[in-house]
Amino acid sequence: MPAENQGAATDIQSILQEKRVFPPPRDFAASAHIKSLDEYRAMYDRSLEDPEAFWAEAARELHWYKPFTRVLEWKLPDARWFDGGLLNACHNCVDRQIEAGHGAEVAIIWEGEPIGAGGRPEIRRLTYDDLEYETAKLANVLDGLGVNRGEVVTIYMGMVPELVIAVLACARIGAPHSVIFGGFSATAIADRVTDAKSKVIITCDGAWRRGKIVSLKDNVDEAIHLASGVVSHTIVLKRCGNKIRMVEGRDHDWHEVMSQAEPDRDPTPMNAEDLLFILYTSGTTGKPKGIMHTTGGYSVYTYLTAKYIFDLHHGQNQVYWCTADVGWVTGHSYIIYGILPNRVPTFMYEGAPNHPEPDRFWDIIERHKVTQFYTAPTAIRAFMKWGEEHPGKHDLSSLRLLGTVGEPINPEAWMWYHRVIGGERCPIVDTWWQTETGGILITPLPGAIPTKPGSCTLPFFGIDAAVVDEQGVEKPANTGGLLAIRKPWPGMLRGVYGDRNRFIDAYFKRIKGMYFPADGARRDEDGYYWIMGRVDDVINVAGHRLGTMEVESALVSHTSVAEAAVVGMPHEIKGQGLAAFVTLKTGQTATEDLRTELINHVAREIGHIAKPDQLRFTDALPKTRSGKIMRRLLREIAEGHAPRGDTTTLEDFSVLAKLRENEES
Ligand code: WTA
């Protein structure tokens, strides 16, 4: 994402001038759920005119133990959906399919990373019956460890089917889950476990990543030590066979406890507004926010969006693959909760896209005849770089739809995706949404909405989006502004765990009466949305949100650092990279070793994804008279200069700062 997309969004100049339009392929449209732009518009209008009728109808496609009595109660910023209703999210993913006679159908197809003897990877297929059996047992294990309804269970695992089983087992007993991405460090786990007061962690010995083992259990051990007194039990799935320490009475072997567990455990009927999960995401301050999603609204929203946007049809040999990790919201919503209730097999891959070779994804698509493929622009840019010969080796003709998520996709990458992967026959859904929105808000519907490379096109049903100024007044077409959502939708966040003020301040303060996602956007003359990136101090690196404050806090926690500022800079593959500017404490010397040490320190504190791509030492940070760091100036410097080889020379920002002082203050 270009850096000019940051900063004051209200006067962003848009530089994209994309004129190409791709109508939905005719044969795709003919069999799609929504077949034309007119059909979309009619349904969209109805969804805004009478949202309660629209969402009630959608909700009734799921299973309720007791029907809801009220569709929506909206007292800004609090939405309650489907009050009075009782349901269970695991039931809707699993038991409901069995009750309808589909228990023997495949729910999850999984492929492991290692290539075994005979050149074949390990493949597992789990039916809805299998999922019920396993989730019921794990639910009983959690019961046995004293996990009560409403108590948060932390899940820190690799991409194995047991991760989905763990998520669904929590949902089954009404224990909200907090899944932590396997790339996060011990400190990050400790912070989250403490915030959520989570007594139990479900983890693995290790996870496979590019032929190597990441030792997850070691991180958990350290996290338990750091979060002293919070965690009393872990359940450890042995996946990689790496050597781990098991503490008697605290750490339980997954296979052992599961082999002793009873396989019967009915799902607990939950209130629609009971917490289903929390998921931590970056904000503008150092502390990650525990985004809260509840059972009814989230289930309905992810189910319906998945159905229409990925055009899911059961019984048509579809195999849907989302390449995200379950540790991110994309994995929650569009590997698990949105897909399973649609009864289309969800495919999961354990490892890296370039293991053992850069054609692994295409190999998988060919082997499993994947029909819908959903990935991130950063991955697409990596594929482009690796070369067309890799997809060229494989038969990708099973694909009928492509999707992207996580950051704006540059038109060049879009065109490559369309041509090389989609064979110019697959619609591309560029889906805009966030952890907080629960599901996709702005997106093409593949059989109905013509696409323009780089635009996420039009709002989904029930989504009243707008581009506005600081006063909430709509901006004219083709002028940049703040993206806002003016009405509640079922999948919206219900709060920030344990921090009511932050919930209000972050999302409902800047634009009065509306939800503010902190993205800038413009709408073109056709009403199409073009997302221009974040307007806060959050950077989107490889499709993942990182708060610059978090990285700064990590740097400052090192004994030799006095002050740090982190900004985004353009990065060929990741879209954005991180540039860190560091001032050292008196007596400390800037050396190449210290630079490496600081970069590794960030990886230890947060995780590898947060590692700065550039780290510069400076004797002072440029600041305005009021003491605000002049980030725009730092961004210019990060973009303009290649990293200096000579680390002993300090950038003299004080001079630059003086020059810019008037402009910035
Ligand atoms: C960005 C990921 C442009 C955006 C689901 C948003 C996008 C943030 C797109 C949320 C897209 C996501 N086009 N930008 N299609 N999708 N974003 O919470 O800045 O990890 O606010 O959720 O990613 O990131 P999060």
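Q: What covers the buried residues of helix 3?
A: The cover includes helix 2 (37-49), strand 1 (70-75), strand 2 (78-83) and helix 10. Cover here rests on contact, meaning heavy atoms within 4.5 Å. The buried residues of helix 3 (residues 51-59) are Phe54, Trp55, Ala56, Ala58 and Ala59.

Q: How do you know which values to use in this predicted model?
A: The model is predicted, with local features needing pLDDT of at least 70 and side-chain atom pairs counting only at pLDDT 80 or more, while totals for chains, interfaces and linings use all residues. Residues are numbered from 1 along each chain as its sequence is written, and side-chain values use heavy atoms, with hydrogens and water left out.

Q: What makes these runs helices or strands?
A: They are DSSP runs, numbered from the N terminus: helices are H or I with at least four residues, and strands are E with at least two.

Q: Why is glutamate 111 called buried?
A: Buried means under 20% relative accessible area, exposed means over 50%, and partly exposed lies in between (1.4 Å probe, protein chains only). Glutamate 111 has 0% relative accessibility, so it counts as buried. Glutamate 111 sits in strand 4 (residues 106-115).

Q: What does glutamate 111 contact, leaving aside neighbours within four places in sequence?
A: Its contacts include Pro121, Phe347, Tyr349, Arg360 and His368.

Q: What makes the pairing of glutamate 111 and arginine 360 a polar contact?
A: A polar contact is a pair of N or O atoms within 3.5 Å; within protein, one must be able to donate a hydrogen and the other to accept it, and residues adjacent in sequence count only if both atoms are side-chain atoms. The side chains of glutamate 111 and arginine 360 make such a contact at 2.9 Å.

Q: Why does arginine 250 count as buried?
A: Its relative accessibility is 15%, so arginine 250 counts as buried. Arginine 250 lies in the loop between strand 11 (233-237) and strand 12 (251-253). Beyond neighbours within four places in sequence, arginine 250 touches Lys217, Asp221, Ile224, Ser232, His233 and Thr234.

Q: How do you know that helix 10 has close to its expected span?
A: The expected span is 1.5 Å times one less than the number of residues. Helix 10 (residues 295-309) has 15 residues and reaches 21 Å from first C-alpha to last, close to the expected 21 Å.

Q: What makes helix 10 mostly covered?
A: 15 of its 15 residues are buried. Aspartate 311 follows helix 10, with a positive phi near 50 degrees.

Q: Which residues of helix 18 are buried?
A: They are Leu594, Arg595, Leu598, Ile599, His601, Val602 and Ala603. Their cover includes helix 17 (548-556), strand 28 (561-571), strand 29 (575-584) and strand 30 (614-617).

Q: Why do residues three or four places apart in an α-helix point the same way?
A: An α-helix has 3.6 residues a turn, so such residues share a direction.

Q: What makes a residue part of the shell around the ligand?
A: One of its heavy atoms must lie within 4 Å of the molecule. The ligand is surrounded by 17 residues, and the closest are Asp430, Thr431, Thr435, Arg534 and Arg545.

Q: Which polar atoms lie 2.8 Å apart at arginine 545?
A: A polar side-chain atom of arginine 545 and an oxygen atom of the ligand. Glutamine 434 also places a polar side-chain atom 2.9 Å from a ligand oxygen.
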